[in-house]
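Visitor: I'd like a close look at one part of this model, please. Could you pick a part and walk me through how it sits among its surroundings?

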Amino acid sequence: MSEKKTYEEMLQLVSELAINNFKTGYNCTECVFLALIDAGALDIPRETVKMCIGFGGGIGCSGETCGALSGAVMANGAKYGRLGWETEDPMQRGMDVAEKYYRRYNAMVHEFAKANGAVTCKGISAPFGDWNCKDRKKYCMKMIGATAQMAYKYLQMGNEEAFKLPYGFNMHGLQ
């Protein structure tokens, strides 16, 4: 029986697993999502990583939302997403998600943007010129490790704490 890892050990583990996933050919989304499963931070079937395939390269290599960020959001949604709200009033359901649930993901996006200067694959990759160059790949490999750590940090935050996170810019104009 293995002993429970500390928070710091888990941060290191998810980063290492994500980087190793990148080195073995997984896309950025798969790297983050699978690292969290393999580290035991996300208790869902390993086969669920299949849903990550289309998010690489900013969704189908379109350069849009970074796949590593998408993997972090999906992992947190797998743990903290909603089910069973169908019987509630639709207007209240919509306000609850904005007032409460989106705060976690909004914080993740703003933290990621601050760390990487952009949230899109094309924005992150632009300084490197050639998307296939070695320097861009090295940057993304490190960024994938850091994003797995960010995802882990938010996975450790229960809804009660996440519902109190301040909003950054958001479409609702909430604070």
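Guide: Happily! One definition first: a helix axis here is a line fitted to the C-alpha atoms over the stretch in contact, and the angle between two axes runs from 0 to 180 degrees, taken between their N-to-C directions. Please keep in mind that this is a predicted model.

Let's look at helix H3, which spans residues 67–80, and start with its partner H6. The axes of H3 and H6 come within 9 Å and cross at roughly 20°. Angles under 35 degrees count as roughly parallel, so H3 and H6 are roughly parallel to each other. The crossing of H3 past H6 is right-handed. On the H3 side, the residues that meet H6 are Ala68, Leu69, Ala72, Ala75, Asn76, Lys79 and Tyr80. Facing them from H6 are Met143, Ile144, Thr147, Met150, Ala151, Tyr154 and Leu155. Sorted by class, this contact has 11 nonpolar, 2 polar and 1 charged residues.

One of the H6 residues in that list deserves a closer look. Tyrosine 154 lies in helix H6 and has a relative accessible area of 5%, so it is buried. Setting aside neighbours within four places in sequence, tyrosine 154 touches Asn76, Tyr80, Arg104, Ala107, Met108, Glu111 and Leu165. Among these, Asn76 and Tyr80 also appear on the H3 side of the contact with H6, while Arg104 and Met108 are part of the contact between H3 and H4. Farther along the chain, serine 15 is 139 residues away from tyrosine 154, and their C-alpha atoms are separated by 14 Å.

That brings us to the second partner of H3. The axes of H3 and H4 are 11 Å apart, and the two helices pack at an angle of about 160°. Angles over 145 degrees count as roughly antiparallel, which makes H3 roughly antiparallel to H4. H3 passes H4 in a right-handed crossing. Here Leu69, Ala72, Val73, Asn76, Gly77 and Tyr80 of H3 meet Tyr101, Arg104, Tyr105, Met108, Val109 and Phe112 of H4. Those residues divide into 9 nonpolar, 2 polar and 1 charged. Leu69, Ala72, Asn76 and Tyr80 of H3 are in the contact with H4, and they are in the contact with H6 too.

H3 also has a part in covering a neighbour, H2. What covers the buried residues of H2 includes H1, H3 and H6. Of the 11 residues of H2, 10 are buried, so H2 is largely enclosed by the rest of the structure. The buried residues are Cys28, Thr29, Glu30, Cys31, Val32, Phe33, Leu34, Ala35, Leu36 and Ile37. One link from H3 to this helix comes through serine 70, which lies in H3 and is buried, with a relative accessible area of 10%. Leaving out neighbours within four places in sequence, serine 70 is in contact with Thr29, Phe55 and Thr65.

Valine 32 of H2 offers another link. Not counting residues up to four places away in sequence, valine 32 touches Ala68, Gly71, Ala72, Ile144, Thr147, Ala148 and Ala151. Of these, Ala68 and Ala72 belong to the H3 side of the contact with H6, and Ile144, Thr147 and Ala151 to its H6 side.

H2 in turn packs on H6 at an angle of about 45°, with the axes 9 Å apart. That angle makes H2 oblique to H6, and the crossing is right-handed. Cys28, Cys31, Val32 and Leu36 of H2 meet Ile144, Thr147, Ala148, Ala151, Tyr152 and Leu155 of H6. By class, there are 9 nonpolar residues, 1 polar and no charged in this contact.

Now the wider setting. The largest nonpolar core has 42 residues, and Val32, Phe33 and Leu36 touch the most other members. H3 gives two or more residues to this core, as do H1, H2, H4 and H6, with the largest share, 9 residues, coming from H6. In soluble globular proteins, nonpolar side chains tend to be buried together.

Conventions. Residues are numbered from 1 along each chain as its sequence is written. This is a predicted model: local features need pLDDT of at least 70, side-chain atom pairs count only at pLDDT 80 or more; totals for chains, interfaces and linings use all residues. Side-chain values use heavy atoms; hydrogens and water are left out. A nonpolar core is a set of buried Ala, Val, Leu, Ile, Met, Phe, Trp, Tyr and Cys residues joined through side-chain atoms within 4.5 Å. Buried means under 20% relative accessible area, exposed over 50%, partly exposed in between (1.4 Å probe, protein chains only). Helices (H or I, at least four residues) and strands (E, at least two) are DSSP runs, numbered from the N terminus. Contact means heavy atoms within 4.5 Å. Angles under 35 degrees count as roughly parallel, over 145 as roughly antiparallel, 65 to 115 as roughly perpendicular and the rest as oblique. A crossing is left-handed if the near helix is turned anticlockwise from the far one by less than a right angle, and right-handed if clockwise. Ala, Val, Leu, Ile, Met, Phe, Trp, Tyr, Cys and Pro count as nonpolar, Asp, Glu, Lys and Arg as charged, and the others, Gly among them, as polar.
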